[in-house]
Amino acid sequence: MKILVINGPNLNMLGTREPEIYGSTTLNDINQELVEYSKTISNEIEFEFFQSNHEGDIVDKIQISRDFDGLIINPAAYTHTSVAIADAIKSINIKAVEVHLSNPNAREEFRKTSYTSTSCVGVVAGFGKNSYKLALLGLYNKINE
Ligand code: DQA
């Protein structure tokens, strides 16, 4: 099973970015922990990790990712603005789960709207780095349904 993990803008700053909200783990460590965790689910999960601060680059990456079985995406701030990313996910007809470290619904009003989740089978938010692991478990089961 091939899973693509996309992280959007400013998530390359994890570790030092607002640690009281996002924790002190770096994105690289979150990715490595996800790889380790995946082995408790199946030994046949392969990952590609992609991070970009640019909306168009994320759209381009999604468009060329038809051969993946599933997508875990933290669109970060683009969650709340990007029809383009939502449309890109729909365009390749892939099972996707939206992930957030924090719980956007418990934060500012503008974070309560998610455009991108309209293209996803589920959303996991508020569990810090474990949100990615919970998303993988849910996605794995959805793909095998
Ligand atoms: C975030 C939540 C977004 O509102 C914010 O813009 C981010 C991170 C999260 O993982 O909690 O950059 O997606």
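## A buried asparagine

A residue counts as buried when its relative accessible area is under 20%. In this predicted model, Asn7 has a relative accessibility of 2%, so Asn7 is buried. Asn7 belongs to strand β1.

What does the side chain of Asn7 make a polar contact with? The partner is the side chain of Tyr132, at 2.6 Å. Tyr132 is also among the contacts of Asn7 that remain once neighbours within four places in sequence are set aside. The others are Leu27, Asn31, Phe50, Gln51, Ser52 and Asn74.

## The nonpolar cores

The largest nonpolar core holds 21 residues. Ile3, Leu14, Ile72, Leu101, Tyr132 and Leu136 have the most contacts inside it. Four elements each supply at least two residues of this core: β1 (2-7), α2 (27-41), β4 (95-100) and α5 (130-143). Which of them gives the largest share? That is α5, with 5 residues. Apart from this core lies another, of 16 residues. Leu4, Ile62, Leu71 and Ile89 are among its members.

Two residues of the largest core show how its contacts run. Take Ile72, in strand β3 (residues 70-74). Its relative accessible area is 0%, so Ile72 is buried. Beyond its neighbours within four places in sequence, Ile72 touches Ile3, Leu4, Val5 and Ile6. Its contacts also include Leu34, Val97 and Val99, as well as Tyr132, Ala135, Leu136 and Leu139. Ile72 and Lys95 are 23 residues apart in sequence, with 8.7 Å between their C-alpha atoms. Now take Leu14. With neighbours within four places in sequence left aside, Leu14 is in contact with Tyr22, Thr25, Thr26, Leu27, Ile30 and Leu101.

## Around the ligand

Which residues are around the ligand? They are Arg17, Tyr22, Asn74, Ala76, Ala77, His80, His100, Leu101, Ser102 and Arg111. Several links to other parts of the model stand out. Leu101 is one of the residues with the most contacts inside the largest core. Tyr22 is in contact with Leu14, and Asn74 is in contact with Asn7.

Three of the surrounding residues place polar atoms by ligand oxygen. An N or O atom in the side chain of His100 is 2.8 Å from an oxygen atom of the ligand. A polar side-chain atom of Arg111 lies 2.8 Å from a ligand oxygen atom. Ala77 uses its backbone instead: an N or O atom there lies 3.3 Å from an oxygen atom of the ligand.

## Aromatic rings

How many aromatic pairs does a search of the whole structure find? It finds 1. Phe47 and Phe49 make up the pair. Their ring centres are 5.4 Å apart, with 15° between the planes. Planes under 30 degrees apart count as stacked, so this pair is stacked. Phe49 has 29% relative accessibility and therefore counts as partly exposed.

Phe68 has a charged neighbour. Lys2 lies over the face of the Phe68 ring, 4.7 Å from the ring centre.

## Positive phi in two loops

Most residues other than glycine have a negative phi. Glu18 has a positive value, near 35°. Glu18 sits in the loop between β1 and α1 (19-22). At a relative accessible area of 36%, Glu18 is partly exposed.

Asn93 also has a positive phi, near 55°. Its place is the loop between α4 (83-91) and β4. Is Asn93 buried or exposed? Its relative accessible area is 73%, so Asn93 is exposed.

How values were computed
Residues are numbered from 1 along each chain as its sequence is written. This is a predicted model: local features need pLDDT of at least 70, side-chain atom pairs count only at pLDDT 80 or more; totals for chains, interfaces and linings use all residues. Side-chain values use heavy atoms; hydrogens and water are left out. Rings of Phe, Tyr and Trp (its six-membered ring) pair if their centres lie within 6.5 Å; planes under 30 degrees apart count as stacked, over 60 as edge-to-face and the rest as tilted. Buried means under 20% relative accessible area, exposed over 50%, partly exposed in between (1.4 Å probe, protein chains only). A charge sits over a ring if NZ of Lys or CZ of Arg is within 6 Å of the ring centre and within 35 degrees of the ring normal. A nonpolar core is a set of buried Ala, Val, Leu, Ile, Met, Phe, Trp, Tyr and Cys residues joined through side-chain atoms within 4.5 Å. Contact means heavy atoms within 4.5 Å. A residue is near a molecule or strand if one of its heavy atoms lies within 4 Å of it. A polar contact is a pair of N or O atoms within 3.5 Å; within protein, one must be able to donate a hydrogen and the other to accept it, and residues adjacent in sequence count only if both atoms are side-chain atoms.
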